[in-house]
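Have your viewer open and your selection tool ready. We will go from the whole chain to a few single residues, one stop at a time.

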Amino acid sequence: QVQLVESGGGSVQVGGSLRLSCVVSPVPVGQFYISWFRRSPGKKREGVAGIQSDGRKPWYADFVKGRSAVSQDNAKATLYLQVNDLKPEDTAMYYCAVRHPDKLWIGRPGDEYEYTYWGRGTQVTVSS
């Protein structure tokens, strides 16, 4: 069973930045896709950004394009999400998710049903 542990959340002022981390253990064998999702109070969980395990095919939701970057450190089995210019609407629980390498794509990287393993999340609160 793959376990994902997120960290890096916290309280930040509008316009600030955060870097979230997700440690994957064990790392799945084969190529897989890993992404960040978030759930804001009263809203459905939505995809934020993701990347393939070989570092290719990054994906970003429109609401973070231009102010975020997803990256990985394979030696540390860690995925990162850097978000800049944070807005109050970025307040949410942020989750890391991994697709099983053998799972066939039906939807898109931002579709939560595409993912097999989930972390427990890290809270991000943006205040003015």
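Of the 128 residues in this chain, 43% count as buried. Keep in mind as you look around that this is a predicted model.

**Stop 1: the whole chain.** Show the chain as a cartoon and colour it by secondary structure. You should find 11 strands and zero helices, so the pattern along the sequence reads β-β-β-β-β-β-β-β-β-β-β. The radius of gyration is 14 Å, close to the 14 Å that the globule rule gives for 128 residues, so the chain is as compact as a globular protein of that length. If you turn the C-alpha trace along its principal axes, it spans about 45 × 30 × 25 Å. Among contacts with a separation of 6 or more, 55% are between residues 24 or more positions apart.

**Stop 2: the surface.** Now switch on the molecular surface. The chain exposes about 6900 Å², and carbon and sulfur atoms supply 49% of that area. Next, colour the charges: there are 16 positive and 12 negative ones, and their mean positions lie 1 Å apart.

**Stop 3: the core.** Hide the surface and select Leu4, Ile34, Trp36, Leu79, Leu81 and Tyr94. Within the largest nonpolar core, which has 27 residues, these six touch the most other members. Strands S3 (18-25), S4 (33-39), S5 (46-52), S8 (78-83), S9 (92-98) and S11 (122-127) each supply at least two residues of this core. In soluble globular proteins, nonpolar side chains tend to be buried together.

**Stop 4: Leu79.** Centre the view on Leu79. Which residues does Leu79 contact, leaving aside neighbours within four places in sequence? They are Leu20, Ser21, Cys22, Ile34, Ser35, Trp36, Ile51, Val70, Ser71, Gln72 and Cys96.

**Stop 5: Gly47.** Move on to strand S5, where you will find Gly47. Is Gly47 buried or exposed? Its relative accessibility is 8%, so Gly47 counts as buried. Beyond residues up to four places away in sequence, Gly47 touches Trp36, Phe37, Trp59, Ala61, Phe63 and Gly110. Try a distance label from Gly47 to Pro109: the two are 62 residues apart along the chain, yet their C-alpha atoms are separated by 7.6 Å.

**Stop 6: Gln52.** Stay in strand S5 and select Gln52. Gln52 is buried too, with a relative accessible area of 8%. Show its surroundings and, not counting residues up to four places away in sequence, you will see Gln52 touching Gln31, Phe32, Tyr33, Lys57 and Gln72. Of these, Gln72 was also on the list for Leu79.

Methods:
Residues numbered from 1 in each chain as written. Predicted model: local features only at pLDDT ≥ 70, side-chain atom pairs only at ≥ 80, totals over all residues. Heavy atoms only, no water. Core = buried A, V, L, I, M, F, W, Y, C linked by side-chain atoms within 4.5 Å. Buried < 20%, exposed > 50% of the residue type's maximum accessible area, 1.4 Å probe, protein only. Helix = DSSP H or I, 4+ residues; strand = E, 2+ residues; numbered from the N terminus. Contact = heavy atoms within 4.5 Å. Rg over C-alpha atoms; globule rule 2.2 N^0.38 Å. Areas by Shrake-Rupley, 256 points an atom, 1.4 Å probe, with all protein chains shown as cover. Lys, Arg positive; Asp, Glu negative; His and termini not counted. Charge placed at Lys NZ, Arg CZ, Asp CG, Glu CD.
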